[in-house]
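Visitor: Could you take me on a close look at one part of this protein, the largest pocket? I'd like to know what lines the largest pocket.

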Amino acid sequence: MRKREQLVRIENLPAAFVDAQRVLQVIEQHGYEAYFVGGSVRDTLLHLPIHDVDLATSAYPAEVKQLFACTIDTGIEHGTVTVRYHRHSFEITTFRTESGYQDYRRPDQVTFVRSLQADLMRRDFTVNALAMRENGEVIDLFHGLSDLQAHIIRAVGDPDHRFREDALRMMRAVRFGSQLDFTIEPVTLAAIQTNRALLAKIAIERIHVEFVKMLLGLAPLRGLQQMLTTHLLDYLPVLNQFGKQLTEVVNRPLAQQLANETQVWSWLAVNLGWEAPQIQSALHAWKSSKQLTLAVTKVTAAVHALLEQHLTNWQLYQTGAVRLTDAAQVAVALGHPDQTTALQQRYQELPIHSKHDLAINGNQLIQSGIKPGPALGHLLNSLEHQVVAGTIANETKQLLAAANQQSEAKKAW
């Protein structure tokens with residue numbers, strides 16, 4: 001274990017830290033240690049946007065609660081107390097050690113400690129085991145700074161121990177490698193392959209989050225390649241049946257970074273040749289929402305139509321403006337010209353953009369003498385198709401006339 005401390009000072013802290021600085025100062029004024037820890041420190045050093053600002057302290061939860069007027073026991077069994085201070089909320093966690101991990105995910109026992117080193121020692125990777133004082137001074141006990149400079153993901157201490165404590169860390173290693181465009185150092189990568197079967201112990205919802213973040217990263221193809229090389233892919237639902245195809249995918253250039261989860265799954269679906277039933281089955285196995293499944297189904301169909309150059313007005317209409325942008329960007333990622341502007345223009349020129357825009361409704365059809373029932377719904381759908389296709393104007397009189405004509409024709413037939 002490398003434990004030599006390195007010190008670096010960040011002179012101008014991002015605004016995200018400003019309010020929290022006062023909280024750390026209050027804790028320190030009462031004789032305790034307090035630091036910013038984790039991803040916010042890493043991302044500040046990498047000049048990346050800051051998301052969550054995590055605070056850690058040598059003060060025990062009961063001691064933290066004595067220092068502030070308004071606190072909430074959000075995760076007190078794990079040492080986390082939420083402090084309300086000057087109309088802001090801050091999660092403060094006591095230094096701790098962990099042991100047990102019988103489920104390869106959560107510790108069986110959490111012990112509060114006064115040592116920053118003991119707290120940082122339990123963290124996953126050296127680049128995440130950094131602490132920062134409220135004055136911007138960074139504390140590095142495990143050479144995380146040199147790994148940041150070298151663009152390396154390295155486990156803190158023995159990677160086998162880290163992955164047996166929490167098997168999700170294997171996915172996180174691959175995800176951070178892709179997200180930051182870092183390489184996983186050889187000992188850590190070998191430990192992923194050795195312990196890969198433990199991924200079966202992890203809930204698919206947690207794997208899902210890391211997998212999508214990986215494919216949204218700067219180096220997603222490298223991440224996929226590492227999952228193939230280490231055989232982590234063997235423990236991913238549905239995708240474990242497509243190893244040969246994914247081996248081909250990682251050798252195709254990704255012309256543009258993917259921007260959201262809909263694009264991630266649509267890009268995969270196009271590459272793997274999935275049609276609607278396969279998309280629905282795969283995303284069900286990954287416990288995705290119905291909204292995401294519908295979006296991916298529509299975007300994938302639109303991408304196929306774009307690549308084959310026969311995207312109809314009806315498909316434009318059904319896909320919608322947001323999903324059309326996703327489809328265009330997936331096509332760009334696949335190496336095709338960007339058609340976003342042209343598609344949006346075509347979409348805006350459609351006569352209607354939803355059934356609510358139709359200049360006629362069921363009540364008006366009933367008042368015109370058409371009987372209610374399934375046939376009425378079919379008739380409205382037919383009128384919707386015709387308006388979108390441009391074969392009839394979206395005007396009430398014309399729609400009524402067409403509806404009655406079609407209704408009479410059906411009766412005669």
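Guide: Here is a walk around that pocket and the charged residues in its lining. First, the ground rules: this is a predicted model, where local features need pLDDT of at least 70 and side-chain atom pairs count only at pLDDT 80 or more, while totals for chains, interfaces and linings use all residues. Residues are numbered from 1 along each chain as its sequence is written, and side-chain values use heavy atoms, with hydrogens and water left out.

A pocket here is an open set of points on a 1 Å grid over the protein atoms alone, where a 1.4 Å probe fits, with protein on both sides within 12 Å along at least five of seven lines; lining residues have an atom within 4 Å of a point. The largest one has 41 lining residues, and Gly-39, Asp-54, Arg-123, Asp-124 and Arg-172 lie nearest its centre.

Who supplies that lining? The top giver is α7, with 7 residues. Among the other elements that bring at least two each are α2 (39-45), β3 (54-57) and α9 (204-215). Helices are DSSP runs of H or I with at least four residues, and strands are E runs of at least two, numbered from the N terminus.

Now sort the lining by type: 20 charged, 12 nonpolar and 9 polar. Charged means Asp, Glu, Lys and Arg; Ala, Val, Leu, Ile, Met, Phe, Trp, Tyr, Cys and Pro are nonpolar, and the others, Gly among them, are polar.

Asp-124 and Arg-172 turn up again in a network of salt bridges, linked with Arg-175 and Glu-210. A salt bridge puts a side-chain nitrogen of Lys or Arg within 4 Å of a carboxyl oxygen of Asp or Glu.
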